Amino acid sequence: MADLSSRPIPLHVAIIMDGNGRWATARGLPRVAGHREGAKAVRRAIEAAVSQGVRYLTLFAFSSENWRRPAEEVADLTFLMKHYLRSELRELHEKGVCLKVIGERERFGPTLCAELAAAEEKTAGNTRLTLVMALSYGGRADIVAATRRIIEAGVAPDALNEQVFARHLATDGIPDPDLLIRTSGEERISNFLLWQLAYAEMLFTDVLWPDFDADDFARALDEYTTRERRFGARPV
Ligand code: IPE
Ligand code: IPE
Ligand code: MG
């Protein structure tokens with residue numbers, strides 16, 4: 001039997017949770033039913049990450065481009081995020097999950113914004129899993145905001161390097177993802193973590209996000225173990 005204890009576990013898994021709408025449409029349900037079911041898959045993914053020993057899990061829940069959707073769908077998603085946070089926070093905290101939010105959360109209004117800040121504060125000392133929620137996040141906006149902060153901080157041109165730049169991104173202090181998973185069969189980045197995914201292993205699956213379960217998560221980690229990461233160097 002394979003020695004599972006020696007398998008390389010990705011330190012950081014990032015997921016583009018896609019396919020909620022198609023999941024609902026295939027069942028003759030409104031899209032919001034797919035988003036509701038997607039929230040259950042979020043719960044499963046967090047549990048799977050904790051039990052597999054993944055230390056960082058980043059979930060793309062709402063992109064900076066998702067504001068282009070009809071107001072009704074945006075309202076449904078905002079409501080679900082609020083509801084999710086209220087119902088799951090206590091359990092997340094008990095599991096040892098540290099919550100961090102990246103993206104322009106202000107756009108969701110003061111209530112959700114304040115509740116997210118309170119949740120981050122409450123869970124700040126937890127170390128089992130860092131859960132990064134990308135809400136109204138865009139990779140390009142992140143890079144532009146970092147550049148603005150660098151200019152405002154008066155960093156001298158000669159002092160700027162990749163490490164300094166990365167410290168001004170929303171993901172400051174979080175290692176780059178080792179594995180990116182995108183569900184629903186789409187094979188694109190959709191303006192997710194553009195800088196941070198430079199050397200991530202990419203895994204695309206046809207499974208729709210609401211169907212994604214612990215077995216799918218485990219299969220993704222298995223696939224990751226077969227990848228040879230060279231980072232531009234020569235194979236060993
Ligand atoms: C992902 O599912 C959730 C968000 C982007 C908020 P979609 O809503 O994109 O589902 P599809 O891609 O239309 O099936
Ligand atoms: C990407 O999914 C964003 C999230 C999963 C939150 P989309 O469904 O918005 O991406 P596109 O429009 O198909 O590229
Ligand atoms: Mg989609």
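The side chain of T123 reaches the backbone oxygen of A119 at 2.9 Å, a convenient place to enter this predicted model. T123 belongs to helix α4, and with a relative accessibility of 0% it counts as buried, the cut-off being under 20%. Beyond the neighbours within four places in sequence, the contacts of T123 are with L89, H93, V97, C98 and L99.

The helix around T123 can be described in the same spirit. Helix α4 runs over residues 110-123, and its 14 residues should span 20 Å at 1.5 Å a residue; the C-alpha atoms at its ends are indeed 20 Å apart, so expectation and model agree. Its buried residues are L112, C113, L116, A119, E120 and T123. These residues cover an arc of only 125° around the axis, and therefore sit on the same side of α4. Turned away from that buried side is a face that carries the exposed residues P110 and E121. As for what lies over the buried residues of α4, the cover includes helix α3 (71-95) together with the strands β3 (97-102) and β4 (129-137).

Helix α3 also offers a residue at the other end of the accessibility scale. F79 is found in this helix, and it counts as exposed because its relative accessibility is 56%, where the cut-off is over 50%. From F79 to L112 there are 33 residues in sequence, while their C-alpha atoms lie 9.0 Å apart in space. L112, for its part, is among the buried residues of α4.

A second helix, α7, lends itself to a similar reading. It comprises residues 214-225, and its 12 residues reach 17 Å from the first C-alpha to the last, close to the 16 Å expected at 1.5 Å a residue. Buried in α7 are D216, F217, A220, L221 and Y224. Because these residues cover an arc of only 140° around the axis, they are placed on the same side of α7. Their cover includes the strands β1 (12-16), β2 (56-63), β5 (179-182) and β6 (201-204), as well as helix α2 (31-52). At the start of α7, the backbone nitrogen of D215 has a side-chain oxygen of D213 within 3.1 Å.

Attention now turns to the ligands. Around ligand 1 there are 13 residues, of which D18, G21, R22, R31 and R69 come nearest. Backbone contacts are provided by N20, where a polar atom is 3.2 Å from an oxygen atom of the ligand, and by G21, where the corresponding distance to a ligand oxygen is 2.9 Å. From the side chain of R31, an N or O atom is 2.8 Å from an oxygen atom of ligand 1. On its own, ligand 1 has 370 Å² of accessible area, and the protein covers 86% of it.

Ligand 2 is surrounded by I16, M17, D18, F60, A61, F62, S63, N66, R69, R182, R188 and S190. Side-chain N or O atoms take part in its polar contacts: an oxygen atom of ligand 2 is 3.2 Å from such an atom of D18, and the value for R69 is also 3.2 Å. For R188, the distance from a side-chain N or O atom to an oxygen atom of ligand 2 is 2.8 Å. The protein covers 78% of the 390 Å² of accessible area that ligand 2 has on its own. D18 and R69, listed around ligand 2, also appear among the residues that come nearest to ligand 1.

How values were computed
Residues are numbered from 1 along each chain as its sequence is written. Chains are lettered from A and ligands numbered from 1 in the order in which they are written. This is a predicted model: local features need pLDDT of at least 70, side-chain atom pairs count only at pLDDT 80 or more; totals for chains, interfaces and linings use all residues. Side-chain values use heavy atoms; hydrogens and water are left out. Helices (H or I, at least four residues) and strands (E, at least two) are DSSP runs, numbered from the N terminus. The expected span of a helix is 1.5 Å times one less than its number of residues. Buried means under 20% relative accessible area, exposed over 50%, partly exposed in between (1.4 Å probe, protein chains only). The arc is that of the directions from the helix axis to the C-beta atoms. Contact means heavy atoms within 4.5 Å. A residue is near a molecule or strand if one of its heavy atoms lies within 4 Å of it. A polar contact is a pair of N or O atoms within 3.5 Å; within protein, one must be able to donate a hydrogen and the other to accept it, and residues adjacent in sequence count only if both atoms are side-chain atoms. Accessible areas come from the Shrake-Rupley method with a 1.4 Å probe; for residues, only the protein chains shown count as cover.
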